[in-house]
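Visitor: I would like to see how labels are earned here. Please take me through the reasoning.

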Amino acid sequence: MPEGMGKWERVERIREDIRRFKEKEGVEFVSVVWTANSERYSSEEQGVNDTAENLMNAIRANHKEVSPSTIYAVASILEGCPYANGSPQNTFVPGLLELALQTGVPICGDDFKSGQTKMKSVFADYLISCGLKIKTMVTYNHLGNNDMYQLTDEVMWRPKSASKSRVIEDIVASNPALYPAGPNDKPDHVVVVKYVPYLGDSKRDVSEYTSEAFMGSPYTNIMHNSCLDSILCAPLILDLALFLELFSRVQIRKEEEGRPRGVDEGFSSLHPVMSVLGIFMKIPLVPKGEPIINALNRQRAALDNLLKACVGLQPDSNLRLETKLHHTAP
């Protein structure tokens, strides 16, 4: 966009771009996914971005705490387009959340969960489920793309560091027998990233987990991965765009005795904050009061079961009680 363009002008330009894209491509529906670099955290301030109205006024006033990703999100929501935030910054300030709730437009965040962090959400869950108390998690990765270059700035690194570090919180909390002291009883979690220009998009990561096993004996696991960073994220972008469109059409109604079939009354849409898509994110955005789930298998089960419900199938259950009963002869 032209330098010097005001922030509200940018909102209007993005809305115009969305409308033009729909017309040119002949599509009925657009999902918007933020795939740009990490931004610094925006300061959440009363009178600036605490309500939808204040946020709109702050955009018109070119307030410095309105980030580019928030501008894109506002434009998308005003056009009725679901918006997913693939970076770790706090795009969804309180005023933007309020706008999504007012309009009912789906949103999803934050920060794509694609490589090392996705592995953490599986392997940490495995270790703790086996009764192994993780004491240290040290993860190191390096590559040379523009995203990693951004993280050489300490201000830009702070949101990414937070998103990588929080990914096992609910997994640890799920086993109070191993971690009885609550929030202060948790693994020593260290995350290191390095910018190595020669490697470009080729990402290398090493993870070391040291746990306490039976009678306090140490148990160490070391993993090395090499991959193309962008290739890991590309399927997430496609899946998010498709699921956001699908779930924007899902409506649910509680069965009530005496209600005649075929009467389309009493249906409710899914909550605009699409926590069911948290499987794609390092820091799943959830509605107020909903616990954050990071364990990948639990996230996958929630998504699978919602899709089953959409087509009238029973949810998955591993109980299979009918196969575990012993019927004695009369």
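Guide: What follows covers burial, disulfides and a pocket, all in a predicted model.

Visitor: Why is Cys 81 called buried?

Guide: Its relative accessible area is 2%. Buried means under 20%. Cys 81 therefore earns the label.

Visitor: What makes Cys 310 partly exposed?

Guide: Cys 310 has a relative accessible area of 41%. The class runs between 20% and 50%, so Cys 310 falls in it.

Visitor: How do you know that Cys 81 has no disulfide partner?

Guide: The closest cysteine sulfur, in Cys 108, is 15 Å away. A disulfide needs the two sulfur atoms within 2.5 Å. That is too far for a bond.

Visitor: Why is Cys 310 not called part of a disulfide?

Guide: For Cys 310, too, the closest cysteine sulfur is in Cys 108. The gap is 16 Å, against a cut-off of 2.5 Å. Again, too far for a bond. The count of disulfides comes to zero.

Visitor: Now the largest pocket. What makes a residue part of its lining?

Guide: An atom within 4 Å of a pocket point. In the largest pocket, 29 residues line the space. Phe 112, Asp 147, Lys 160, Asp 229 and Cys 233 lie nearest its centre. The volume is about 460 Å³.

Visitor: Which element gives the largest share of that lining?

Guide: H9, with four residues. H5, S4, H6 and H7 are among the elements that each supply at least two.

Visitor: How do the lining residues divide by type?

Guide: Nine are nonpolar, 13 polar and seven charged. Asp and Lys count as charged, so Asp 147, Lys 160 and Asp 229 fall in that class. Phe and Cys count as nonpolar, so Phe 112 and Cys 233 do too.

Conventions:
Residues numbered from 1 in each chain as written. Predicted model: local features only at pLDDT ≥ 70, side-chain atom pairs only at ≥ 80, totals over all residues. Heavy atoms only, no water. 1 Å grid on protein atoms, 1.4 Å probe; cavity = no way out; pocket = protein on both sides within 12 Å on 5 of 7 lines; lining within 4 Å. Points joined across faces, edges and corners; volume = space filled by probe spheres on them. Buried < 20%, exposed > 50% of the residue type's maximum accessible area, 1.4 Å probe, protein only.
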